[in-house]
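Here is a colleague's note for someone opening this structure for the first time. Please keep the sequence and the model side by side while reading.

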Amino acid sequence: MNQTVTPPGTASAQLPKDHPPVKSGKIGVLIVNLGTPDGTDYWSMRRYLGEFLSDPRVIEVNRVLWWFLLNVIILSKRPQAKGKDYETVWNKERNEGPLRTITRAQSDKLSERLAAKDARLVFDWAMRYGNPSIASRIEALKDRGCDRILLVPLYPQYAAATSATVCDAAFDALKKMRWQPVLRVAPPWPDEPVYIEALANSITSSLASLDWEPELVLASFHGIPKEYFEKGDPYHCYCYQTARLVREKLGWPEEKLKLTFQSRFGKAEWLQPYTDKTVEALAKSGVKRLAVITPGFVADCLETLEEIAGENAEIFHHNGGEQFHFIPCLNDSEPGLDVLEAVIRRELAGWVDLG
């Protein structure tokens, strides 16, 4: 329950009798994922893709040229194609994308775990693109009395096109507030021991459920243009760090767990090796049994369910592969929540003592 208190550091006796009540003293935790369209129809997809692809951190090209390409060419055709892709993974019961379903569940379950330990904690969730927006949830947390907010971008490996743009949106929201809450941002966690252990255990338990053994496992991370890496983005290094630590945790040789990059867009060169090309090459080389995990995603979404479990499985089978297994994301499982809780506990230090 929210409590109505006076502004921090102000004694109630000093306030005029007619001073309006002020909600304060709460601490918000806002987890943020990439985003999802409100529907699979053309206009919902166009709004979502338009917002996403208009972000200058996502597409770093001449803004005037890109505006023309995006609004005149790309957004005239791409929404229909992506809408069909989203239809294959859409949560029909809730009429929403899986990313929204899972992120909500993560927030609710984290609240169940931690809010009881300190009544000041308030958990919420947002999407960088689409709804609910970061600005709307920061405003909602402030309205509930949160004068301090921990922002948690749900990206284990930092990239300017993901983690940084979450911060951009949050700071843009704060710029419009006269009375800003204090904002703390959780850093990425590519080497967090709880995360590495959860991924290793996920691989082990998922493969144990099969009646066959893969010849190797691909760790597929979302790609970024090679140019971004050359400009100084650390994402590439974070991905390799995570893959190496998981491999070491499993006690596997390097050839048993290989890193690849997926989801490239446009004609520019992206980080390599590419997931789809690697899957194709492995099948053509005689590999018959393959498993893929996506460690950079904390929740299953279009890129994991449709692109990996669907499209890449088809590529593998079409080129001679026989057995393909997609290892689900940690999602709102207990191990997945353990990872997020470890990050949140660490970053709330000094604000609350969760024991």
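The points below go from the whole protein to single elements and then to single residues.

1. Status and overall build. This is a predicted model. The protein has 11 helices and 10 strands. The C-alpha atoms fill a box of roughly 80 × 50 × 45 Å along the principal axes. The radius of gyration is 22 Å. A compact globule of 355 residues would have a value near 20 Å, so the two agree.

2. Burial and contacts. Of the 355 residues, 54% are buried. Take the contacts with a sequence separation of 6 or more: 76% of them link residues 24 or more positions apart.

3. Surface and charge. The accessible surface is about 16700 Å². Carbon and sulfur atoms hold 52% of that surface. The protein carries 43 positive and 47 negative charges. The mean positions of these two sets lie 5 Å apart.

4. Helix α5. Start with residues 160–175, which form this helix. How many of its 16 residues are buried? The count is 12, so α5 is largely enclosed by the rest of the structure. The buried set begins with a run from Ala160 and Ala161 through Thr162, Ser163, Ala164, Thr165 and Val166 to Cys167. Ala169, Ala170, Ala173 and Leu174 complete the set.

5. What covers α5. Several elements contribute to the cover over its buried residues. Among them are the strands β3 (26–36), β4 (121–130), β5 (146–153) and β6 (182–185). Helix α4 (134–143) is also one of the covering elements.

6. Strand β4. This strand, part of the cover of α5, is itself mostly covered. Of its 10 residues, 10 are buried. Strands β3 and β4 pair in the parallel sense, over nine bridges. To find the pairing on screen, go to Asn33: its bridge partner in β4 is Met127.

7. Strand β8. Residues 257–262 make up this strand. Five of the six are buried, so β8 is largely enclosed by the rest of the structure. Its parallel neighbour is β7 (residues 216–222), joined to β8 by six bridges. Leu218 has Lys258 of β8 as its bridge partner. When viewing strands, keep one general point in mind. In a regular strand the side chains alternate between the two faces of the sheet.

8. Two cis peptide bonds. Where do they sit? One joins Asn131 and Pro132, with omega about -5°. Pro132 lies in the loop between β4 and α4. Another joins Gln272 and Pro273, with omega about 5°. Pro273 lies in the loop between β8 and α9 (275–284). Please check both bonds in the viewer.

9. Asn95. This residue is not a glycine, yet its phi is positive, about 55°. Its place is the loop between α2 (63–87) and α3 (98–114). Is Asn95 buried or exposed? Its relative accessible area is 51%. The cut-off for exposed is over 50%, so Asn95 counts as exposed.

10. Asn331. Here too a residue that is not a glycine has a positive phi, about 50°. Asn331 sits in the loop between β10 (323–327) and α11 (334–347). Its relative accessibility is 13%. Buried means under 20%, so Asn331 counts as buried.

11. Ser206. This residue belongs to helix α6 (residues 193–208). Ser206 is buried, with a relative accessible area of 11%. Which residues does Ser206 touch, leaving aside neighbours within four places in sequence? They are His325, Ile327 and Pro328. Phe326 makes a useful distance check. Ser206 and Phe326 are 120 residues apart in sequence, but their C-alpha atoms are 8.9 Å apart in space.

12. Gly321. Look for Gly321 in the loop between α10 (302–318) and β10. At 8% relative accessibility, Gly321 counts as buried. Neighbours within four places in sequence aside, Gly321 is in contact with Ala283, Val287, Lys288 and Phe316. Gly321 and Pro181 are 140 residues apart in sequence. In space, their C-alpha atoms are 54 Å apart.

Definitions and conventions:
Residues numbered from 1 in each chain as written. Predicted model: local features only at pLDDT ≥ 70, side-chain atom pairs only at ≥ 80, totals over all residues. Heavy atoms only, no water. Buried < 20%, exposed > 50% of the residue type's maximum accessible area, 1.4 Å probe, protein only. Helix = DSSP H or I, 4+ residues; strand = E, 2+ residues; numbered from the N terminus. Contact = heavy atoms within 4.5 Å. Pairing = 2+ DSSP bridges. Rg over C-alpha atoms; globule rule 2.2 N^0.38 Å. Areas by Shrake-Rupley, 256 points an atom, 1.4 Å probe, with all protein chains shown as cover. Lys, Arg positive; Asp, Glu negative; His and termini not counted. Charge placed at Lys NZ, Arg CZ, Asp CG, Glu CD.
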